[in-house]
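Please look through the sequence and the structure below before reading on. The report that follows takes up a few helices and single residues in turn.

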Amino acid sequence: MYGITQSTVNNQRFRVRDMDNEQIMSTFGNIGHLLNIAVERFITIGEIIAEENIDIKGDMYEAAKEARDAGKSIERLCDISPLGGMELRHHIEPLKDYGAIILAARSLLSSVTRILLLVDIIVVKKLLTAKKRASESLEKLESVMNFTEFVRAFSVFGTEMIELAYLTGHHRNSFKEERRRAQMFSARQILEKSIAILLTSSKNSLIHSDCVIVKENRDTVFCQIRRAMDLIHFVVKDSIFDSAKHMPFDKQASNPNYENESIYTTIKRIVNLIKRYKYQMSYYDSNNEGNNNSDAYFNFLDDDMWKSEKNLASSAGGGRMVNNTNFRKHMSSESLDLREELSVAFEKLFEKAHDFTDSPYISHNHRKNILSYCDSCKMEFDLYLNNIMKEQHESAGVPVKGQGRDDPELGMLSSLEELCKQLVVSVSSQIEDFNESLKICSKLVKSFHVLATNYDIDNLNQRSTKFHDCCDHIFDICKLLQHIAPTERLQVQAKCLAINLRIYGPQVFIAAKILWKYSNSSAANENFESFSDMWKWLTNEISMIAKKILVSINTTKNDREAETEKCENTDKLTKSGVPATEDGEMVEYSGLEGKNNGDLNTYQSKWSEDLSDDNDILKRAKNMSAMAFLMYQFTKGNGSLRTTQDLFTQAEYFAEEANRLYKVLRHFSYQVPASDNKKDLLNILDRVPTFVQALQFTVKDHTVGKAATFVKVDHVIRETKNLMNVINKVVSKCFECATKYKLNLTGITGGLTSERSNENMAGGMCDSKGTTSSSDIP
């Protein structure tokens, strides 16, 4: 609404003269009328909320009145009376009130924003009130001295926690920042698991009230519940009332919270600072065409921050050319700010690198390499700053001795990428020992129960030392994983799980000592079991998060390498008969090549040679490959599939073709003699119907609304990928058996020929070369 200018409106008036008179009147009238109706509905909801919340009632009705008046004004100004057959171009006077329309639109936007803020305040107050009530009931629960009071207090606490869980779950997607959503998710997780052991630990404390370690066991649970609720309080309040949200972007950008950032995020911030400066240089200096050789390095990290940085650079220029004097002043200020921000960022980066070099679990060689790359980054950083000062002097007309680099940022970005790679390598080398520590801890926890019930305190203490050593190892690697995690969600989850593991880990041993001391107590036994279950959950979650981090890093690496491998991929896809896009796009599940296809590449040439019409396995496999690729292209906005219904229809045909291929492969398996190969073939083959059924159920699942449809599309693509992976493996195994036992792949369909003649392949029928006919796409 604010983007309307006089030149824009004048241009629109000239366009209006070329339009039909009645059409113009109808369009303007409809816009104003529909807008007023929408505003009225919106206001009605706001007034209903105000009736339920007296504290904002006055402000809400005032904002609603302003919005209603603005909506009516826009409707009145857009209402153009018929001109009785006279040409609109001679009676364009009603449109001279475009200034009034802009003012009314601004007033409407302001009042609507005010209503939304009032509603947000209500939501936040409800969340904070629920959290406060839960905290108060938790304090009462902690102070009870007998079972009767405990049951009553726990019942009240449970009711308050249900309300808090409902509100946090209902509004968990209201937070725009990924970090805040991840923090809310982690807090809810810890609350749920901690409350599960609160009952047993409190019961144990009431029975054995004279034991100090029993009270310590219980108090730890209360402490973690409070911390989780405090995190919820912080996330809710920070997301709405944080004053930084109302600061200009440049003020926010200059005050980043480096202390809580990971190394990956800090490097990403450095890269975006360099990109912002480079963009501004090319933006303000129209005579400087720039050198784009460093663009490939800019892409080695994702660009979430870069969008806002780029907008800042554009807004600084206001979309117009500036004179040389203003340019010099601006770039002088920008280069000074950039040097300060980069200096702070690099200082924090090297501080965080000490987490790797100080870790006792990182090898000497990796530690040495990390220090070497840090020194290289420092050297390149100094060269980059010197070049900035040189550019500043040259822009001011001051002669500078010496010659700098053509692309000064290239060396620094390259050194940062090498440092990032080395950090990933150093952590990846520890994953095997990390997983081993998780297994050892699980075994030790199981042995704690046996030793405690057998009164073997010496072995219990001895094994506790090994248990704590493994816990330290797990915690240290989790801290390093947090540094290399490419998303804030993974960073937050890794940090939260590591902290809780460090807190609950020792409590497992304390629970075992309580069981040793009161081995005949059922409460002590239940208490140990609950802490043991908590430990199992934590280790499982940590193992899963570690895998996700490593997979996401490899995915990011593959995305970066895809740009340089486009030509090779295009050639490979063409030779193997799998369709490729014009820019060499490769889908990991659509072709007969892939990462998990066993020795399929060994048989590629043989597959290409055996293209007879009777080879139904090859034909159907290539057909499914082409259909899967079309579905993949749909997710990229390309290909012949235009709507979600087209995608679902294609998925149905894909599942039907998989069923037909399964029957053909089953007939072929009868020819394979009894052996380990046949056993492996049947094991893989038996998985096909399961994945087919999963895909069919997903396609048939009825959805309503855009959000549900998007989720269904995601599930369909995932199930298609799973099914295609199994097909790749089983087809590869079939060819392996055919080669080893000299079996004939042709003419194996037998009685399936008549079935094939009745097939409806409108969902992507392919020719013998594996290409899809456009006329066959639904």
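In helix α3, the buried residues (buried meaning under 20% relative accessible area, with a 1.4 Å probe and protein chains only) are Met60, Ala63, Ala64, Ala67, Arg68, Ala70, Gly71, Ile74, Leu77 and Cys78. Helices here are DSSP runs of H or I with at least four residues, strands are runs of E with at least two, and both are numbered from the N terminus. Helix α3 covers residues 57-78, and because each residue should add 1.5 Å, its 22 residues should span 32 Å, which agrees with the 31 Å between its end C-alpha atoms; the expected span is 1.5 Å times one less than the number of residues.

This is a predicted model, in which local features need pLDDT of at least 70 and side-chain atom pairs count only at pLDDT 80 or more, whereas totals for chains, interfaces and linings use all residues. Residues are numbered from 1 along each chain as its sequence is written, and side-chain values use heavy atoms, with hydrogens and water left out.

The protein has 26 helices and zero strands, and 45% of its 778 residues count as buried.

Helix α23 (residues 676-685) has Asn677, Leu681, Ile684 and Leu685 as its buried residues. They lie on the same side of α23, because they cover an arc of only 100° around the axis, an arc taken from the directions from the helix axis to the C-beta atoms. Asp676 and Lys679, which are exposed (over 50% relative accessible area), sit on the face of α23 turned away from the buried side.

The axes of helix α5 (residues 147-170) and helix α6 (residues 178-207) come within 12 Å and cross at roughly 175°, so α5 is roughly antiparallel to α6, a term for angles over 145 degrees. These axes are lines fitted to C-alpha atoms over the stretch in contact, and the angles run from 0 to 180 degrees between N-to-C directions. Contact means heavy atoms within 4.5 Å, and among the residues of α5 that meet α6 are Phe147, Phe150, Phe154 and Phe157.

Two single residues can be set side by side.

| Residue | Location | Relative accessible area |
|---|---|---|
| Ser426 | helix α14 (residues 408-428) | 0%, buried |
| Tyr455 | loop between α15 (431-453) and α16 (457-484) | 48%, partly exposed |

Partly exposed covers the values between the 20% and 50% limits. Leaving aside neighbours within four places in sequence, Ser426 is in contact with Phe356, Ile362, His366 and Ile370. Tyr455 has a phi near 60°, a positive value in a residue other than glycine. Most residues other than glycine have a negative phi.

Note on methods: Angles under 35 degrees count as roughly parallel, over 145 as roughly antiparallel, 65 to 115 as roughly perpendicular and the rest as oblique.
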